[in-house]
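Please open the structure in a viewer and keep the sequence at hand. The stops below are best taken in order, with a new selection at each.

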Amino acid sequence: MSVGRFLVRRLLLVLPLLLGVLFFTFMLVRLSGQDPTAKIAGPTATAAEIELVRAQLGLDQPLFTQFLIYLGRVVQADLGRSWVSQQPVLQDVLERVPVTLELLLWGVGIGALVGIPVGLRAAFRPDGAFDQISRFVSLLGFSTPTYWLGLVMLLVFFYLLDLAPPGMGRLSLMLSPPPRITGSYLIDGVIAGDLEAAHSAFAQLVLPVLCIAIISAAPIIKQTRAITLEVLASDYIRYARAQGLEPAMIRRMALRNAATPVVTFLGTELTGLVGTTALIEYVFAWGGLGQWGLNAIITGDFAAVQGYVLALALFSVIVFLLVDLAVLLLEPRAGTRA
Amino acid sequence: MATPLLDVRDLHTHFIARNLDNEIRTARALNGVSFSLDGGKILGLVGETGAGKSLTALSVMGLLRPPARVVAGQVLFEGRDLIAMPPEEVNRLRGARMAMVVQSPKSSLDPLSRIGEQLVRVQRAHDPALGQAEATARAVAMLEAVGIPDPQRRARAWPHELSGGMAQRVLIALALVNQPRLLIADEPTTGLDVTVQAQILDLFRELVLANGIGAIIITHDLGVVAHYCDDVAVMFAGTIIEHGPVAAVFGQPAHPYTRALIASTPERLVIGRTRTTGAPPPNLYALPTGCLYRDRCPHAAPDCAEPPPGRAMGAGHIAHCHFAGRLAEHAA
């Protein structure tokens, strides 16, 4: 099966999934018991004025009709307007996606670059000193609350050691952002040749990225170790030994067989950490999608919450699509099996 | 007399591990296994689960993993002691001069390599000078020799595309492709259905005899031994309690355990049942002195507290029992 056909089939599967996501978030948000009309109409509004706002927003219609209207707009790439900022939700989301992605991808990327080799090394010598230490460290990472880690990082590296800038956004307050190309100040700064901005953006990135790297490395170490141990205990590795294959060759066979489950796990990890990133964004005043989404939930900004959830769902879909493509490349069998 | 192909002498394999109280505990899994095997012969290794059949194979092949290890004895393969040999050297013999067929063929093949690639890999691992084309040609010829139809196309198949019987044929091809002198098959037909079992064993015997290979079949199935083996060795609690030519041992079993084993096997039924007619096997952590079968033996007598000598019953037939020969009158 060609990669093209695989993609088309996968995209067709995604459509009903997204429809379901839209429906459930729409209904959940409305069942949350928050009523924004009073807030929008203002503190001096009379009951009649509130009703008027309600009718303007379409909130007097039956729920299902409201959903159909919403769906009709979503299809035309109109996610509605935030009642708080009065900005189109789509614009808010698009602005913030790269901001969060920057944090998440660096964090999980470094977590994987450290976690996978550590997990592999631990698995090749189970119960050795390295394994014991890595298991202890991984347990520490597991049991550390994210926001606490962020606060402690700031306390130590900013307040006590003065090595890092304060956790106040993505760029020093003294600097103006480089012209937007990718949405990442670091990359845009480098592209624009504004090295001062790039340097400041990098300095701001270090602590939050470190937090996410630590939080993500713990499960990556644990899973990589478990997956590799399982492969090493498999019949085919035992039989490879019985065939007198060289240890290096057996190791390569084990790595190849462990690659697919490890990559799949990385996908789950990446999507799962979006929520954790929101907390880190709060601590470091990052202003990305996560922080924005949490605010929307707290203020009852219906359209923004729906936009947030839709963005997360799309992110998951894209991540798993990439994972499947990676598996397709890693596993020669996948092509013949489907 | 010429050196036998394989001569196992007084092999002791123990599992040595610490328990939760940090005390060293030793399970004496093999307690002086001795046998020998010549080229062109098939030896059947039988006994109940836990008797040490597979462990004997792993000890011979040098495939033991901690906490198991050989603590005493010799494994003379073509006159050289494998136990004393450096592990890398044993690894060079494994898959080349001595090969193995195991009981879970489908899961024993590397899931990410085509059948042909695996056959090429095992050849080139032991002969780096061998060219790709030559190895591929030999792989296809080998698949044909083990009765796989359309071998050219099958060489491109993935392991998950094979049936259990086909996978077992591939395993036999993998084992034989480097023309080994010794072949150990550990329950090669477990999990295959009966007609396929017979086909695989027929093939096995044919290839072994045609190439003058010395083979060991480990099995629960006395029927397999009777049909396909020349000699049989009966194991109990990590020792061989009786061995000899199949006809002699099955015709006049001299050890009470062998008798119980044969009596509990109506035709081709699996032997796992003997457990229900006897008792649990002895505790390997605290083996009694003397005859290990004493606690379960209907003929146990005070003499049995002494280790039983090997009594020759004629024509290579030896039984390790104080009463071997004297029980013969009331044979079943």
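Two residues are in contact here if their C-beta atoms, placed from the backbone, lie within 7 Å. The model is a predicted one, and the tour starts where its chains meet.

**Stop 1: chain B against chain A**

Select both chains and display the residues that touch across them. On the chain B side there are 23 such residues, in contact with 19 residues of chain A. Now colour α2 (87-93), α3 (105-108) and α4 (115-126) of chain B, the elements that give two or more residues to this side. Colouring by class instead shows 13 nonpolar, seven polar and three charged residues on the side of chain B that touches chain A.

**Stop 2: the sheet of chain B**

Next, select the strands of chain B that make up its open sheet. Eight strands take part, in the order β6-β7-β8-β3-β9-β10-β12-β11, and their pairing is mixed. Why do β6 (98-101) and β11 (310-312) of chain B each have one side without a neighbour in the sheet? Both stand at the edges with a single partner strand each, so one side of each is left free of a neighbour in the sheet. Direction ignored, neighbouring strands of this sheet are turned against each other by 20 degrees on average.

Within the sheet, pick out strand β3 (residues 42-46) and strand β9 (residues 231-236) of chain B. These two run parallel and are joined by four bridges. To find one of the bridge partners, select B:Leu43, which is paired with B:Asp231 in β9(B).

Then add helix α7 (residues 164-176) of chain B to the view. This helix lies across β6 and β7 (182-186) of chain B, and runs at about 170 degrees to β6(B).

**Stop 3: chain A as a whole**

Hide chain B and select chain A. Its secondary structure comes to 14 helices and zero strands. Along the principal axes, the C-alpha atoms of chain A fill a box of roughly 85 × 55 × 40 Å. Of the 338 residues in chain A, 33% are buried. Among contacts in chain A between residues at least 6 apart in sequence, 69% join residues at least 24 apart.

**Stop 4: the two domains of chain A**

Finally, colour residues 16-75 of chain A as domain 1 and residues 90-337 as domain 2, following the domain assignment. The centres of these domains, taken over C-alpha atoms, are separated by 35 Å. Their contact takes nine residues from domain 1 of chain A and eight residues from domain 2 of chain A. On the domain 1 side, the touching residues are seven nonpolar and two polar, with no charged residues.

Definitions and conventions
Residues numbered from 1 in each chain as written. Chains lettered and ligands numbered in written order. Predicted model: local features only at pLDDT ≥ 70, side-chain atom pairs only at ≥ 80, totals over all residues. Nonpolar A, V, L, I, M, F, W, Y, C, P; charged D, E, K, R; others polar. Pairing = 2+ DSSP bridges. Axes fitted to C-alpha atoms, helices over the stretch in contact; angles between N-to-C directions. Domains from an automatic or database assignment. Buried ≥ 20, exposed ≤ 12 C-beta atoms within 10 Å, placed from the backbone.
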